[in-house]
Amino acid sequence: MQLSRNQIQLFSLIAVSMLAHITMGGGRITASLFMLKTSDSALLAGLAYSAYALLPAFLSLLMGRWIDRVGARFVMRVSQAMMVGGLVIPAVLPHMGTVLFSAMLCGLGFASYMLAANVAVSMMPFERDGDRVGMLAWLSMGNSVAAVGGPTVAGYMIDHHGFGAAYATMAVIVGCSLVVSFCVDVPGDAGGPRKDKAQGESVVRMVFRDPRVLRIYLLAMVLSMAHDGFTFMMPVLGHERGFSATAIGMVMSALAVGTFGMRTILPWLSRQLSEWQLLVLAYGVIGSAFLLLPLAYSVYFLAALGCALGMAQATGQPSVLSLIYRAMPEGKAGEGAGLRSMMGNTVGLTAPSLYGSVAGVFGAVPVFIGVGCVACVASWQAWVGWLGSRAPQAR
């Protein structure tokens with residue numbers, strides 16, 4: 001079978017992204033374990049873990065504008081160099097301060113890298129818009145594979161050679177991704193003519209002026225709420241019901257299995273349904289699963305619901321990205337994607353604290369019911385968006 005140019009570029013980008021993803025997959029667990037070992041503080045471990053999302057929550061919009069000015073390819077390579085630098089520092093000088101600085105720098109580097117990679121894929125020429133959804137899903141699928149290998153590599157190096165060696169190993173792997181990026185045809189222009197096109201009205205102003213575009217961004221935030229709601233609250237629910245750590249881990253793994261499986265078939269599914277139709281189904285499944293979670297007392301039922309949630313989330317993210325790209329004016333794709341990333345990271349910083357506060361007073365069940373109701377409203381709003389997208393054809 002002969003591969004198209006888009007597929008060759010995408011597979012090259014997936015290979016580079018898998019190497020770069022070790023920053024998140026292995027870096028987060030290394031930073032958390034380092035804090036636990038040196039300070040015996042779960043608070044500092046959580047701080048190191050969340051530090052990866054700190055800078056992207058504030059700077060993703062600026063990174064998106066930078067992508068529009070200089071091109072996705074250049075930003076990807078600068079981001080890879082940023083990650084290498086962030087990993088080298090604690091490799092040479094392992095200390096709580098350097099580990100925290102590394103977490104913030106690597107988090108920003110990886111967030112900007114994936115932002116640029118998503119823009120690069122979105123800008124590929126597609127015969128039909130549904131193909132964009134499938135290609136964005138495949139790009140994320142590569143990260144799913146790396147998310148399994150990263151912690152394994154990091155854990156082995158920590159146990160046998162120490163934290164410095166673990167950081168050094170990750171720096172070498174990410175450095176290889178930078179070298180490989182010069183050897184493959186990675187999509188993304190080099191800027192030039194697009195610099196002038198990136199001027200004009202701010203995307204933020206445009207989004208809040210147009211209810212149709214604002215709907216897309218609010219739907220994106222619901223995806224982040226649902227993801228954090230499950231990953232943060234599922235262990236709390238399992239603990240309340242006396243499940244073992246193994247059982248809770250199995251349920252959490254089911255989420256990843258569902259995500260990976262759906263990303264595999266999404267290129268085919270996106271040719272059958274539009275982005276809005278996919279979102280109607282995705283949020284319907286998310287809402288139903290969250291409302292059923294408090295009623296599930298069987299580990300296997302919980303795992304089935306986790307798998308369904310993973311499939312829905314894997315459907316929602318690339319569909320939202322595709323809609324954002326199509327809604328943006330020419331030369332504003334990076335800024336539009338950056339705003340989505342900033343809003344998602346802001347939810348990631350604030351939602352767990354809110355969920356924890358509610359659960360601490362009322363238990364885990366109200367959190368699941370609340371997120372489920374929000375997701376059901378999101379499914380209805382996606383339906384409204386789908387009807388609106390059909391209106392011009394009806395005339």
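Searching the whole structure turns up 4 aromatic pairs, where rings of Phe, Tyr and Trp (its six-membered ring) pair if their centres lie within 6.5 Å, and planes under 30 degrees apart count as stacked, over 60 as edge-to-face and the rest as tilted. This is a predicted model, so local features need pLDDT of at least 70 and side-chain atom pairs count only at pLDDT 80 or more, while totals for chains, interfaces and linings use all residues. Residues are numbered from 1 along each chain as its sequence is written, and side-chain values use heavy atoms, with hydrogens and water left out.

Two of the ring pairs, and two charges over rings, look like this:

| Partners | Distance | Arrangement |
|---|---|---|
| Phe34 and Phe163 | 5.2 Å between ring centres | planes at 85°, edge-to-face |
| Phe290 and Phe368 | 5.8 Å between ring centres | planes at 35°, tilted |
| Arg77 and Phe182 | 4.1 Å from the ring centre | Arg77 over the face of Phe182 |
| Arg241 and Tyr297 | 4.0 Å from the ring centre | Arg241 over the face of Tyr297 |

For the arginine rows, a charge sits over a ring if NZ of Lys or CZ of Arg is within 6 Å of the ring centre and within 35 degrees of the ring normal.

Now for where the ring pairs sit. Phe34 belongs to helix H3 (residues 27-39) and Phe163 to helix H9 (residues 163-181), so this pair ties together parts that are 129 residues apart in sequence. Helices here are DSSP runs (H or I, at least four residues), with strands (E, at least two) treated likewise, numbered from the N terminus. Phe34 and Phe163 are both buried, meaning under 20% relative accessible area, with exposed over 50% and partly exposed in between (1.4 Å probe, protein chains only).

How do the axes of H3 and H9 cross? They come within 11 Å, at roughly 165°, which makes H3 roughly antiparallel to H9. Axes are lines fitted to C-alpha atoms, for helices over the stretch in contact, with angles from 0 to 180 degrees between N-to-C directions; under 35 degrees counts as roughly parallel, over 145 as roughly antiparallel, 65 to 115 as roughly perpendicular and the rest as oblique. H3 passes H9 with a left-handed crossing, that is, the near helix is turned anticlockwise from the far one by less than a right angle, clockwise being right-handed.

H9 also holds Tyr167, whose C-alpha atom is 6.7 Å from that of Pro90, 77 residues away along the chain. Pro90 sits in helix H6 (residues 72-92) and, at 0% relative accessibility, is buried.

The other tabulated ring pair also links distant parts of the chain: Phe290 is in helix H14 (residues 275-292) and Phe368 in helix H17 (residues 365-394), 78 residues apart. Both Phe290 and Phe368 are buried. In the loop between helix H16 (333-362) and H17 you'll find Gly363, which counts as buried at 14% relative accessibility. Gly363 is 130 residues from Met233 in sequence, but their C-alpha atoms are 10.0 Å apart in space.

Another helix pair is H12 (residues 211-240) and H13 (residues 245-269), whose axes come within 10 Å and cross at roughly 155°. That makes H12 roughly antiparallel to H13, and the crossing is right-handed.

What about disulfides (cysteine sulfur atoms within 2.5 Å)? The whole structure has 0. The cysteine sulfur closest to that of Cys373 is in Cys376, 6.3 Å away, so too far for a bond. Cys373 is partly exposed at 41% relative accessible area, and Cys376 is partly exposed too, at 33%.

Key. A disulfide is a pair of cysteine sulfur atoms within 2.5 Å.
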